[in-house]
Amino acid sequence: MDLKQLKAFIAIADLRSFSAAATKTGLSQPSLSRLLKQLETDMGVELINRYNRPLHLTEAGAFFYDKISAILTEIDTVTSMTQRLSAPSSALNIGFVPSVLYGLLPEVIASLKQSNPDIEVNLKDISSYQQIDALKSGDIDVGFGRFAHQDPWIQQILLRHERYVVALPKAHPLANVREQRLIDLANNRLILYHQTHLPIATPAITTSIPKPTSTNKLPAHTKRTNSTGQPLSFSTLNEPVTEPLLHLFAQYGIAPLMTTTVSDLQVALGLVAAGEGVTLVPASLQTVRTEQISYQRLVHENVTSPIYLHTLKDFVHPKIPDLLTATYQVYEQRGITYRKQKFASKL
Ligand code: BEZ
């Protein structure tokens with residue numbers, strides 16, 4: 001068994017067609033067919049059923065595909081990391097989720113450039129989960145996101161917890177209420193905008209199914225955790241609430257009456273400005289559309305959004321410690337509470 005055979009198998013399995021796999025890999029169809037046959041003969045297992053179109057994997061083939069594609073991704077990651085180790089890029093490629101751009105990211109970059117006048121910084125707008133793949137492939141060297149990740153290749157530093165604020169249309173009856181409670185928002189349309197949902201722990205857990213109630217208050221929650229160990233809340237149907245804003249409400253036993261889901265934060269704030277509903281955003285967003293939107297604090301201190309710095313565990317770009325120092329400097333200048341952390345770099 002060799003790498004060429006495995007890559008041929010993955011390409012055929014991905015595309016369910018010899019001709020499409022040939023185009024993708026640049027190999028001829030007979031070569032691909034020969035590589036697959038050799039692999040199956042070496043293993044003594046039929047992996048792909050060739051008698052149906054589109055092609056499909058046998059049960060053993062599907063199992064092999066799952067395991068081998070993960071291994072091939074690891075090989076790509078290790079290869080790319082090794083290449084970067086031998087010739088680290090001088091530029092620092094930073095991935096970020098849009099919400100941190102409205103916050104302190106510009107100040108952090110300015111502070112980094114002050115201490116490193118020659119540094120070249122490239123910024124890439126990229127979702128929290130995509131940042132993990134981008135770190136592994138070398139597309140970015142560091143990522144700022146709002147979700148914790150459990151990945152053996154990745155280390156994360158929790159920078160701080162940012163409080164959520166309520167965004168209401170200026171004409172809303174609650175628009176001038178200084179300290180808002182989630183329960184008072186429950187009868188409004190809540191605009192949801194997160195692309196990333198909270199992860200769920202995989203182990204099967206059996207719990208009784210609570211009966212749906214007639215009010216929008218949820219029954220007492222079953223304590224289960226997501227894959228990062230944080231408690232998950234459950235809906236009346238005992239399904240985990242993984243949408244981040246609904247999860248915040250569910251922690252208080254509240255299910256908003258109506259929701260609308262949009263593609264991003266900007267659209268959500270646009271709908272609030274148009275009087276279509278209310279939403280919750282990290283406090284740093286409260287400078288956006290202030291003529292039409294009233295931002296108010298929440299009484300609940302733990303309704304927060306974490307900000308993480310993600311990097312590879314085994315390869316920290318030489319400028320990343322300076323980036324962390326620049327972040328802490330900005331926090332100190334602004335009087336923001338944080339807990340200093342260090343990288344566990346082996347290199
Ligand atoms: C922050 O808002 O805390 C932050 C945002 C981007 C980079 C670093 C910190």
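Trainee: Why is the pair made by Tyr331 and the ligand called a polar contact?

Mentor: A polar side-chain atom of Tyr331 lies 2.4 Å from an oxygen atom of the ligand, and because a polar contact is a pair of N or O atoms within 3.5 Å, this pair qualifies. The side chain of Arg160 also qualifies, with an N or O atom 2.6 Å from a ligand oxygen. This is a predicted model, in which local features need pLDDT of at least 70 and side-chain atom pairs count only at pLDDT 80 or more, while totals for chains, interfaces and linings use all residues. Residues are numbered from 1 along each chain as its sequence is written, and side-chain values use heavy atoms, leaving out hydrogens and water.

Trainee: Which residues are around the ligand, and what makes them count?

Mentor: Among them are Val100, Leu104, Phe144, Arg160 and Tyr331, and each counts because one of its heavy atoms lies within 4 Å of the ligand. Taken alone, the ligand exposes 260 Å² (Shrake-Rupley method, 1.4 Å probe), and the protein buries 100% of that area.

Trainee: What makes the shell around the ligand eight nonpolar, one polar and one charged by class?

Mentor: Arg160 belongs to the residues around the ligand, and because Arg counts as charged, Arg160 is the one charged residue of the shell. Val, Leu, Ile, Phe and Tyr count as nonpolar, so Tyr331 belongs to the eight nonpolar residues.

Trainee: Which helix gives the most to the lining of the second largest pocket?

Mentor: That is H4, with eight residues, and the whole lining divides into four nonpolar, five polar and six charged residues.

Definitions and conventions. A polar contact is a pair of N or O atoms within 3.5 Å; within protein, one must be able to donate a hydrogen and the other to accept it, and residues adjacent in sequence count only if both atoms are side-chain atoms. Helices (H or I, at least four residues) and strands (E, at least two) are DSSP runs, numbered from the N terminus.
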